[in-house]
Amino acid sequence: MIGIVVVSHSRALAESAVALAREMVALDSPLRVAVAAGVADGGLGTDATAVAAAIEAVDGPDGVLVLLDLGSAVLSAELAVELLPPDP
């Protein structure tokens, strides 16, 4: 199963998007979803280390799909991938 990471500048937006997506799947469907959104003080922004941690949390044999809200989130996601340990 592919893990999903939702990267957003707004934690509220990301959590709402995940909640909506969960409503569209069967209750017994196993989902591996992590949110990496906002910054530590609760403001808007993205944090590459949080994205990297979210990727590691949902990673599995089938990989991870990273969904982004705005263009600059791409930069955080790309840096996050560089921060991950190399595959064995």
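1. A strand here is a DSSP run of E with at least two residues, and strands are numbered from the N terminus. With that in hand, welcome to this predicted model. Valine 7 is a good place to start: this residue sits in strand 1. Valine 7 counts as buried because its relative accessible area is 1%, below the 20% limit.

2. Let us stay with valine 7 and look around. Setting aside residues up to four places away in sequence, valine 7 touches Ala36, Thr46, Val51, Val66, Leu67, Leu68, Asp69 and Ala73. For a sense of distance, the C-alpha atoms of valine 7 and valine 33 are separated by 11 Å, and these two residues are 26 places apart along the chain.

3. Valine 7 also belongs to the largest nonpolar core, a group of 11 residues. Its other members are Val5, Ala34, Ala36, Val51, Ala52, Ala54, Ile55, Val58, Ala73 and Ala80. At least two residues of this core come from each of strand 1 (3-8), strand 2 (33-37), helix 2 (48-58) and helix 3 (71-83). Helix 2 is the biggest contributor, giving 5 residues. As background, nonpolar side chains in soluble globular proteins tend to be buried together.

4. Helix 2 deserves a look of its own. Its buried residues are Ala48, Val51, Ala52, Ala54, Ile55 and Val58. Viewed down the helix axis, they fall within an arc of 160°, so they line one face of helix 2. The partners they pack against are strand 1, strand 2, strand 3 (64-68) and helix 3. Take alanine 54 as an example: beyond its neighbours within four places in sequence, alanine 54 is in contact with Val5, Ala34 and Ala36.

5. Next, please find histidine 9, in the loop between strand 1 and helix 1 (11-23). Is histidine 9 buried or exposed? Histidine 9 is buried, because its relative accessible area of 15% is under 20%. Its side chain makes a polar contact of 3.0 Å with the side chain of serine 72. Not counting residues up to four places away in sequence, histidine 9 touches Gly38, Gly43, Leu44, Gly45, Thr46, Asp69, Leu70, Ser72 and Ala73.

6. Threonine 46, just named among those contacts of histidine 9, lies in the loop between strand 2 and helix 2. Which side chain shares a polar contact of 2.6 Å with threonine 46? That partner is serine 76. Apart from neighbours within four places in sequence, threonine 46 is in contact with Val7, Ser8, His9, Gly38, Val39, Ala73 and Ser76.

7. There is empty space to point out as well. The largest pocket has a volume of about 160 Å³. Its lining is made up of Ile4, Val6, Ala17, Val18, Ala21, Arg22, Val25, Leu31, Val33 and Leu67. Strand 1 and helix 1 are the elements that supply two or more of these residues, and helix 1 gives the most, with 4 residues.

8. Finally, a look at serine 29, which is found in the loop between helix 1 and strand 2. Serine 29 is partly exposed, because its relative accessible area of 31% falls between the 20% and 50% limits. The C-alpha atoms of serine 29 and methionine 1 are separated by 11 Å, and the two residues are 28 places apart along the chain.

Conventions:
Residues are numbered from 1 along each chain as its sequence is written. This is a predicted model: local features need pLDDT of at least 70, side-chain atom pairs count only at pLDDT 80 or more; totals for chains, interfaces and linings use all residues. Side-chain values use heavy atoms; hydrogens and water are left out. A nonpolar core is a set of buried Ala, Val, Leu, Ile, Met, Phe, Trp, Tyr and Cys residues joined through side-chain atoms within 4.5 Å. Buried means under 20% relative accessible area, exposed over 50%, partly exposed in between (1.4 Å probe, protein chains only). Contact means heavy atoms within 4.5 Å. A polar contact is a pair of N or O atoms within 3.5 Å; within protein, one must be able to donate a hydrogen and the other to accept it, and residues adjacent in sequence count only if both atoms are side-chain atoms. The arc is that of the directions from the helix axis to the C-beta atoms. On a 1 Å grid over the protein atoms alone, a cavity is a set of points where a 1.4 Å probe fits but cannot get out, and a pocket is an open set with protein on both sides within 12 Å along at least five of seven lines; lining residues have an atom within 4 Å of a point. Grid points are joined across faces, edges and corners, and a volume is the space filled by probe spheres set on the points.
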